[in-house]
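Subject: Structure handover

Hello,

Here is the structure for your files. My notes on what was found follow below.

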Amino acid sequence: MENKVILGYWSIRGLAQPLRFFLEYIELPYEDKRYTNPEEWFGKDDQTFNSPFTNLPYLKDGDHTVFESDAIYYYLAHKVNKPELLGKDAKQQTMVATIRGSVGDFRASFFQWVYGGKETAEAKKEAMLKETGEFFKIYNTTLESSTWLTGDTITYVDFLVWEYVDEFLVLAPEVITSKPKLVEFHNRISEFPQIKKYLESPNYIKRPYNWDIQAVFY
Amino acid sequence: MGDKVVLGYWAIRGLAQPLRFYLEYLGLPYEDKRYYKPEEWFADVTSAPLNQHVLANLPYIQDGDELVFESQALYVYLAYRANKPELLGQNPKEQVALASVRGVLQDLFKGLIALFTIPEDQFEAKKEEQFNQLVFWIAEKLSKFLENRKWAVGDNLTYIDFQLFEAEEILRNYKPEAFATLVGLKNHNESFANLPAIKNYQASDKMIARPFYPPGMYRWG
């Protein structure tokens with residue numbers, strides 16, 4: 001049995017997609033375990049862990065399992081000895097937390113619409129695009145004065161934002177294409193050799209972003 | 001004004017209360033700038049220097065020319081400012097544990113807000129069921145995790161303990177009998193309240209005991 005870590009999550013992009021990109025970026029061999037039916041997880045695999053934090057996504061590394069998506073980035077960065085991906089100094093670590101906090105606010109706004117009910121989705125879409133557009137404006141402006149979102153080197157939060165840039169290029173492209181720095185940022189990550197290879201591989205699953213049963217966009 | 005950092009926030013506990021405890025614990029001289037009305041904040045955020053920052057929001061830290069936004073980032077900034085980076089987790093194991101607790105705690109705070117923003121006409125009827133559905137099971141997870149631990153990441157205090165304490169205070173005040181059953185949280189709550197800097201601050205007239213949430217906007221605070 002290989003020494004691969006196992007990333008467990010639902011068979012959607014969701015919270016795990018930036019983690020999948022991160023794993024590809026750091027070139028750590030992993031098993032991309034996807035749960036398609038709730039019965040595969042609830043009452044089955046979730047019973048094999050004895051942590052009070054048992055949840056999806058998880059990262060299993062031999063006998064040790066990490067829960068909470070953000071914690072998984074910290075675990076992985078240290079595992080491959082690349083702590084700079086968490087912020088290389090006080091200034092960048094502070095900015096990592098700033099952008100991460102902002103992404104949390106973005107998610108609250110976006111997912112209120114995504115899971116807010118299909119009947120009212122069209123009516124609420126414009127307001128949602130305006131609100132989320134403000135965040136993309138912030139990220140675009142930030143990229144005008146630094147190479148990456150937190151400074152001159154890449155950190156894991158760049159992957160968090162990339163995922164939503166990618167999703168909006170499908171959902172409402174004009175929100176992104178009107179912001180040249182975001183377009184360039186999206187291309188820059190896509191063009192990393194290991195990312196480019198991943199994007200062209202059968203392991204990369206482009207859709208759905210979210211659960212198609214409840215989500216208004218997937 | 002000298003060397004003081006400025007913490008800017010509404011005149012409630014909210015996101016700033018753990019930061020106030022944190023500043024007291026760090027022993028950093030600070031100004032606790034409180035905004036009592038939206039107009040006061042609007043005036044500041046639309047003029048220099050705040051209007052030059054795309055991320056400008058409450059809470060913020062102003063440190064000379066430096067401005068930091070997003071509550072989680074303020075803990076990072078202040079730990080370095082006070083030369084106490086150990087509060088961010090001293091090694092990978094502590095940093096991972098901190099991030100894990102932070103993730104679950106954020107779900108708890110979200111659940112509390114969802115509970116307290118139930119429409120006024122439905123709150124009384126739904127509050128019991130929603131407390132259990134939105135809040136209590138997450139609090140139980142955290143409580144279980146904290147059993148047999150001194151602090152959130154283990155033996156050492158980190159900034160997430162300050163946020164945990166605030167969640168405990170909300171639970172303890174809102175539903176004391178339910179809180180009393182959460183042994184892990186209860187013990188953590190007592191240990192934290194007994195830290196000298198925290199004890200002194202809570203006894204002082206600088207301490208805002210209530211409200212936790214903006215008055216009038218939430219069903220409880």
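In this predicted model, one helix pair in chain A has its contact spelled out residue by residue. Helix 1 of chain A contributes Pro18(A), Leu19(A), Phe22(A) and Leu23(A), and these meet Ser69(A), Ile72(A), Tyr73(A), Leu76(A) and Ala77(A) of helix 3 of chain A. Sorted by class, the residues of this contact are eight nonpolar, one polar and none charged.

On geometry: two packed helices are described by the angle between their axes and by the distance between those axes. Here helix 1 spans residues 17–25 and helix 3 spans residues 69–79 of chain A; their axes come within 11 Å and cross at roughly 5 degrees. Angles under 35 degrees count as roughly parallel, so helix 1 and helix 3 of chain A are roughly parallel to each other.

As for the annotation, the unreviewed UniProt entry puts the feature "domain: GST N-terminal" at residues 3–84 of chain A. That stretch of chain A is 29% helix and 24% strand, with its end C-alpha atoms 24 Å apart.

Chain A as a whole has nine helices and four strands, in the order β-α-β-α-β-β-α-α-α-α-α-α-α from the N terminus. Its radius of gyration is 17 Å, close to the 17 Å given by the globule rule for 218 residues, so chain A is as compact as a globular protein of that length. Along the principal axes, the C-alpha atoms of chain A fill a box of roughly 50 × 45 × 35 Å.

On confidence, the model scores ipTM 0.95 and pTM 0.96. Chain B averages a pLDDT of 96, and 99% of its residues score at least 70.

Regards

Definitions and conventions
Residues are numbered from 1 along each chain as its sequence is written. Chains are lettered from A and ligands numbered from 1 in the order in which they are written. This is a predicted model: local features need pLDDT of at least 70, side-chain atom pairs count only at pLDDT 80 or more; totals for chains, interfaces and linings use all residues. Side-chain values use heavy atoms; hydrogens and water are left out. pLDDT is the predictor's confidence in each residue, from 0 to 100. UniProt positions are given in the numbering used here, feature names are shortened, and annotations may be inferred rather than shown by experiment. Helices (H or I, at least four residues) and strands (E, at least two) are DSSP runs, numbered from the N terminus. Axes are lines fitted to C-alpha atoms, for helices over the stretch in contact, and angles run from 0 to 180 degrees between N-to-C directions. Angles under 35 degrees count as roughly parallel, over 145 as roughly antiparallel, 65 to 115 as roughly perpendicular and the rest as oblique. Contact means heavy atoms within 4.5 Å. Ala, Val, Leu, Ile, Met, Phe, Trp, Tyr, Cys and Pro count as nonpolar, Asp, Glu, Lys and Arg as charged, and the others, Gly among them, as polar. The radius of gyration is taken over C-alpha atoms; the globule rule is 2.2 Å times the number of residues to the power 0.38.
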